[in-house]
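User: Please take a close look at one part of this model, the sheet and what packs against it. I am a first-year student, so explain the terms as you go.

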Amino acid sequence: MRNALLLSAALIASANALRVTVLGGTGFVGSRVVRKLVADGGAEVTSVSRRGTAGIVAPWASEPWTASVRWAASDLTRGPREEMREAIGEPDVVISCVGQIGFDVQQNRVANGVANVEAARCVP
């Protein structure tokens, strides 16, 4: 975990003009990563989530930085690969914040494993 935090800090520090796609960018962790990359790092950010909208990124939905994010919709667990490829684009870096917690083992496996594997297959 410490290494992941150090890597995230290094990416944010050097994010100027970096094209970054954040998978799960409207979730609890992902929205904070997107915000940090845009507001502090100046990165060109695409957020990929099921809904693909800034409207659910509380409490920041109305903040100015949200207008500079490309919000893309794609269901990483069930969506067609072509749709995923289009949503992900051609970034320099992909950060996955896709995940789920809960007691449904099968749903956790799909949301935490399958979604990331399918997304990885769509990265150029």
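Analyst: What follows describes the sheet, the helices on it and one salt bridge.

This is a predicted model, in which local features need pLDDT of at least 70 and side-chain atom pairs count only at pLDDT 80 or more, while totals for chains, interfaces and linings use all residues. Residues are numbered from 1 along each chain as its sequence is written, and side-chain values use heavy atoms, leaving out hydrogens and water.

The sheet is open and has four strands in the order 3-2-1-4, with parallel pairing. Strands are DSSP runs of E with at least two residues, helices are runs of H or I with at least four, and both are numbered from the N terminus; two strands pair if DSSP finds at least two bridges between them. Strand 3 (70-73) and strand 4 (93-96) each have a single partner strand, so one side of each lacks a neighbour in the sheet.

Strand 1 (residues 19-23) and strand 2 (residues 44-49) run parallel and are joined by five bridges. One of the pairs is Val 20 with Val 45 in strand 2. Helix 2 (residues 28-39) packs on the sheet and touches strand 1, strand 2, strand 3 and strand 4, where contact means heavy atoms within 4.5 Å. The direction of helix 2 makes about 165° with that of strand 1; axes are lines fitted to C-alpha atoms, for helices over the stretch in contact, and angles run from 0 to 180 degrees between N-to-C directions.

Arg 19 forms a salt bridge with Asp 92, with the closest N and O atoms 3.0 Å apart; the term means a side-chain nitrogen of Lys or Arg within 4 Å of a carboxyl oxygen of Asp or Glu. Arg 19 lies in strand 1 and Asp 92 in the loop between helix 3 and strand 4, 73 residues apart.
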